[in-house]
Amino acid sequence: MDYDIAIIGLGPAGATLARLLNPDLRILALDKKQECGEDGFQKPCGGLLATDAQRSFVRFGVNLPTSVLADPQIFSVKTYDLQTSLIRNYQRTYVNINRHRFDLWLKTLIPANVDVRHDSLCRKIIRQDDGYQIQFTDEGVHHLATAKYVVGADGANSMVRRMLYPEHEIRKYLSIQQWFTDKHPVPFYSCIFDNTVTDCYAWSMSKDGYFIVGGAFPMKNGNQHFENLKTRLLPYSFTFGDVVKTEKCIVLCPSKMSDFRCGQDNAFLIGEAAGFISASSLEGISYAFDSAEILSKIFNDNVSHPNRAYHKNTLKLRLKLFSKIVKAAILTSPFLRKLIMKSNISHVDIITPK
Ligand SMILES: Cc1cc2nc3c(=O)[nH]c(=O)nc-3n(C[C@H](O)[C@H](O)[C@H](O)COP(=O)(O)OP(=O)(O)OC[C@H]3O[C@@H](n4cnc5c(N)ncnc54)[C@H](O)[C@@H]3O)c2cc1C
């Protein structure tokens, strides 16, 4: 075997795993993002770091450089129910980041002993008797490598997941985000529910002078639903103007416990490739960190049945994610959502100067 472990994808999950593995392990890490610069693959994302992700940084002993922060930092989320016209403000302690700079920074933390191939596309993975053959293109040149273990950290459309579970489909949505120059008097975050356009949810955020509006829509007619959403937001003082850019990608939204897949046969899934993303908020960076941390301990301890150990050690994580499926069912039910919002629980009144 050329390598002990091949990691496919260096988003938050893969880059964290590559950083936490023992230096005596021989690791190949492939990522289609470029090492630096704004070109190449960029992950469409809200770029909000939730408290669980912040807690991971505490455990990792890693501080966030200001270069990855976005402006401004906002402490509340305005929640809109467009079907009842209810609006509530809830306190949130997200850290507002520039997602692409964040991903590039995470990659710089990977130690030099890891063989990192930037701007490199994994094309095929073939199971062999004693491991895996990985076929990839690096700087336009085709390569073959072999590894005992393969880790799919390749996100929502994971090739590793499709190889391991060709029959299994997770519920997915078309995520669309549009960027505009921010013309609102006060930058804000919002969370938008409207079952006429999606049975998931939509959002907006202010970031570095831009106003980003996005949502997760049914795969069929997703673009039309997005346009309808923007029209329905106009009476609520949302201002759009000219589109600076439009981003689209698939986002997974697990709907049952069996949607979380850990891998098998010395192949492993971490982060969104495993389905580890919150069904209620589509927050996934913290679960990418957590699953990478759990798998790193298993490899570092040279556990004899690593697939079994990983499945067992992610149980708490999977149960937490299951609770998000239940939460999502409540929040996307118009009746229950109305009850919660009407109750005013956790709502913070905004003082407007006279
Ligand atoms: C629109 C949107 C908004 C979101 N907002 C938030 C948010 O505000 N906060 C939050 O916590 N989560 C958010 N999420 C979820 C979050 O982005 C993901 O859960 C998180 O990125 C998962 O991390 P990951 O490392 O598992 O996968 P990814 O971040 O998707 O990383 C996968 C990496 O694999 C690489 N890759 C893929 N295929 C290949 C291949 N064949 N060869 C080589 N490399 C490959 C890519 O370069 C990529 O960097 C959002 C998701 C979407 C779609």
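Q: Helices (H or I, at least four residues) and strands (E, at least two) are DSSP runs, numbered from the N terminus; which of them each supply at least two residues of the shell around the ligand?

A: Five elements do so: helix H1 (12–20), strand E8 (120–128), strand E11 (172–181), strand E15 (243–252) and helix H6 (285–300). Please keep in mind that this is a predicted model, in which local features need pLDDT of at least 70 and side-chain atom pairs count only at pLDDT 80 or more, while totals for chains, interfaces and linings use all residues. Residues are numbered from 1 along each chain as its sequence is written, and side-chain values use heavy atoms, with hydrogens and water left out.

Q: Which of those elements gives the most to the shell?

A: Strand E8 does, with three residues.

Q: And which residues come nearest to the ligand?

A: Among the 36 residues around the ligand, the nearest are Asp31, Lys33, Leu48, Cys122 and Glu272, where a residue is near if one of its heavy atoms lies within 4 Å. Sorted by class, the shell holds 18 nonpolar, ten polar and eight charged residues. In that sorting Ala, Val, Leu, Ile, Met, Phe, Trp, Tyr, Cys and Pro count as nonpolar, Asp, Glu, Lys and Arg as charged, and the others, Gly among them, as polar.

Q: What about the backbone, say at Gly46: how far is it from a nitrogen atom of the ligand?

A: A backbone N or O atom of Gly46 is 2.9 Å from a ligand nitrogen, and for Gly284 the corresponding distance to a nitrogen atom of the ligand is 3.0 Å. At Ile285, a polar backbone atom lies 3.1 Å from an oxygen atom of the ligand. The ligand taken alone exposes 990 Å², of which the protein buries 95%, with areas from the Shrake-Rupley method and a 1.4 Å probe.

Q: Changing topic, how many salt bridges does a search of the whole structure find?

A: The search finds 18, each being a side-chain nitrogen of Lys or Arg within 4 Å of a carboxyl oxygen of Asp or Glu. One of them joins Lys320 to Asp52, at 2.7 Å from N to O. Lys320 belongs to helix H8 and Asp52 to helix H2 (residues 51–60), so this pair ties together parts 268 residues apart in sequence.

Q: Is Asp52 buried or exposed?

A: Asp52 counts as buried, because its relative accessibility is 18%, and buried means under 20% relative accessible area, exposed over 50%, and partly exposed in between (1.4 Å probe, protein chains only). Its partner Lys320, at 31%, counts as partly exposed.

Q: Which salt bridge partner does Arg59 have?

A: Arg59 meets Glu293 in a salt bridge of 2.8 Å, N to O. Since Arg59 lies in helix H2 and Glu293 in helix H6, the pair ties together parts that are 234 residues apart in sequence. Arg59 is partly exposed at 45%, whereas Glu293 is buried at 12%. Arg59 and Glu293 also belong to a network of salt bridges that includes Asp290 and Lys297.

Q: Last one: which residues make the nonpolar surface patch?

A: The patch, about 590 Å², is made by Phe322, Val326, Ile330, Phe335, Leu336, Leu339 and Ile340. Patches are made of residues with over 30% relative accessible area and no salt bridge, with like charges joined within 9 Å and nonpolar side chains (Val, Leu, Ile, Met, Phe, Trp, Tyr) within 5 Å. Helix H8 (315–331) and helix H9 (334–343) each supply at least two of the patch residues, and H9 gives the most, with four. Ile340 sits in helix H9 and, at 34% relative accessibility, counts as partly exposed.

Technical notes:
Polar contact = N/O pair within 3.5 Å; in protein donor to acceptor, adjacent residues only side chain to side chain.
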